[in-house]
Amino acid sequence: MPSPKIVILGTGGTIAGQAEASTQGVGYRAGQIRVEGLIAAVPDLPQIAAGRTGATLDAVQLAQIDSKDMDWQVWRSLLQALAAALDDAQIQALVVTHGTDTLEETAWLLQSVLQPRKPVVLTCAMRPATSLQADGPQNLRDAVAVAASGVAGVWVAAAGEVHAAQQVLKAHPYRLNALRSYEGGPCAFVEEGRVRWLSTPQTQQPWPAVQITQLLQRDELPWVEVLQSGALQSARAVQALVAAGVQGVVVAGTGNATVHEDLLQALLQARSQGVKVWCTTRCLEGPAVGGGDLLSGLASIDGISAVLRPGAGANELDTVLLPPSKARVAMMLALAVCS
Ligand code: SIN
């Protein structure tokens with residue numbers, strides 16, 4: 001019986017970044033160092049991977065980008081590679097090195113589509129690999145420890161914390177602990193190579209294989225934009241987007257997902273013209289709260305496990321209980337599987 005494997009997939013990011021000087025923490029180039037180089041920077045990574053099962057490490061360079069430039073091609077190859085690896089009995093767990101900037105979206109995409117029965121652990125860094133303060137090696141070590149722990153789901157390991165895909169957000173542009181869970185705290189801490197779990201979110205059914213195949217055959221995802229409601233908000237952005245053919249709009253509403261009346265009227269008009277419109281809150285913590293029975297409203301919509309309260313808001317818009325960045329991904333997927 002061949003030994004189990006933990007596969008590390010490299011996609012770029014600051015964790016693979018290089019600067020001209022070791023004192024330089026901004027203005028570097030992300031996505032320069034190959035995944036084999038990241039592994040070599042952690043001397044005991046093979047021992048951490050071996051854990052209780054004796055797993056060995058494999059490395060695959062899937063992409064080499066700054067994650068601000070994330071596109072469907074990279075997402076599609078990541079979904080393809082992970083779907084194949086999840087079906088491979090020899091592969092025990094997966095680690096993905098990624099930039100911090102769009103990590104919250106990638107994590108949610110992977111969780112929504114794959115609902116993995118193995119650990120899929122994303123990790124990242126806030127300082128380039130060349131920095132005096134490089135946090136990538138420790139984050140990678142922690143990610144492999146989470147992978148070896150065997151707890152199924154999509155996780156993000158960074159700064160000694162483990163966040164669930166639905167919860168993780170980038171909350172600071174510079175600090176080493178830039179990521180956080182937008183409601184509650186981390187699911188686990190990694191301490192000296194040991195993972196101390198506090199909670200694990202409920203798992204959902206994975207998408208049927210045929211739906212994943214359909215998604216992967218697409219050349220692009222549907223066009224969805226996020227608009228924010230605020231003081232002096234006008235209807236013009238919605239009107240311009242509709243005229244240009246937008247397929248969906250997520251509005252990041254004020255407070256408890258309320259929307260400026262001028263913007264709301266334009267959104268209702270857009271919806272009557274076939275544009276999908278969801279509302280969420282622009283508040284930094286927690287989803288919008290509605291009247292009625294919240295639990296009975298928790299649902300998957302169009303096959304997507306985004307929690308959504310249909311038409312529950314005072315504004316008549318469907319309210320999605322996700323932050324705007326993740327709501328946008330959920331809507332792209334919802335439109336992709338319906339069109
Ligand atoms: C990126 O997102 O690829 C660059 C920034 C980072 O990783 O922190």
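At 24% relative accessibility, K170 counts as partly exposed, and that makes this lysine a handy place to start looking around the model, which is a predicted one. K170 sits in strand 7 (residues 168-170), and its side chain meets that of D101 in a salt bridge, at 2.6 Å from N to O. D101 belongs to the loop between strand 3 (91-97) and helix 4 (103-114), so the pair ties together parts that are 69 residues apart in sequence. Like its partner, D101 is partly exposed, here with a relative accessibility of 39%.

That pair is one of six salt bridges counted in the structure. Another of them joins K5 to D58, with the closest N and O atoms 3.1 Å apart. Here the link runs between two strands: K5 is in strand 1 (residues 5-12) and D58 in strand 2 (residues 56-65), so parts of the chain that are 53 residues apart in sequence are tied together. K5 has a relative accessible area of 21% and is therefore partly exposed. D58, at 32%, also counts as partly exposed.

Then there is the salt bridge between D44 and R141, whose closest N and O atoms are 2.6 Å apart. This one links distant parts of the chain, 97 residues apart: D44 lies in the loop between helix 1 (35-40) and helix 2 (45-50), while R141 is part of helix 5 (residues 136-149). The two ends are not equally open to the outside. D44 is partly exposed, with a relative accessible area of 23%, whereas R141 counts as buried because its 18% relative accessibility falls under the 20% cut-off.

Aromatic rings also turn up in the picture. The structure holds one aromatic pair. Separately, a charged side chain meets a ring: R127 lies over the face of Y174, at 3.9 Å from the ring centre.

Two single residues show how much surroundings can vary. V121 is found in strand 4 (residues 119-123) and, with a relative accessibility of 0%, is buried. What does V121 touch, once its neighbours within four places in sequence are left aside? Its contacts are L94, V95, V96, A143, V146, A147, W155 and A157. As for L140, which is 19 residues away along the chain, its C-alpha atom is 9.6 Å from that of V121. E192 offers a contrast, since at 75% relative accessibility this glutamate counts as exposed. E192 is in the loop between strand 9 (188-191) and strand 10 (194-197). The C-alpha atoms of E192 and E20 are 31 Å apart, with the two positions 172 residues apart along the chain.

Stepping back to the whole chain, there are two domains to keep track of: domain 1 (5-197) and domain 2 (222-338). Their C-alpha centres lie 30 Å apart, and each side brings 16 residues to the contact. The size of an interface is often given as the accessible area lost when the parts come together. For domain 1 and domain 2, the buried area is about 1300 Å², and carbon and sulfur atoms give 61% of it. On the domain 1 side, three residues stand out: E105, W108 and Y182 supply 46% of the area that domain 1 buries against domain 2, more than any other three residues. How many salt bridges cross the interface of domain 1 and domain 2? The count there is zero.

Key
Residues are numbered from 1 along each chain as its sequence is written. This is a predicted model: local features need pLDDT of at least 70, side-chain atom pairs count only at pLDDT 80 or more; totals for chains, interfaces and linings use all residues. Side-chain values use heavy atoms; hydrogens and water are left out. Helices (H or I, at least four residues) and strands (E, at least two) are DSSP runs, numbered from the N terminus. Buried means under 20% relative accessible area, exposed over 50%, partly exposed in between (1.4 Å probe, protein chains only). Contact means heavy atoms within 4.5 Å. Rings of Phe, Tyr and Trp (its six-membered ring) pair if their centres lie within 6.5 Å; planes under 30 degrees apart count as stacked, over 60 as edge-to-face and the rest as tilted. A charge sits over a ring if NZ of Lys or CZ of Arg is within 6 Å of the ring centre and within 35 degrees of the ring normal. Domain bounds come from an automatic or database domain assignment. Buried area is the accessible area (1.4 Å probe) that two parts lose on being put together, summed over both. A salt bridge is a side-chain nitrogen of Lys or Arg within 4 Å of a carboxyl oxygen of Asp or Glu.
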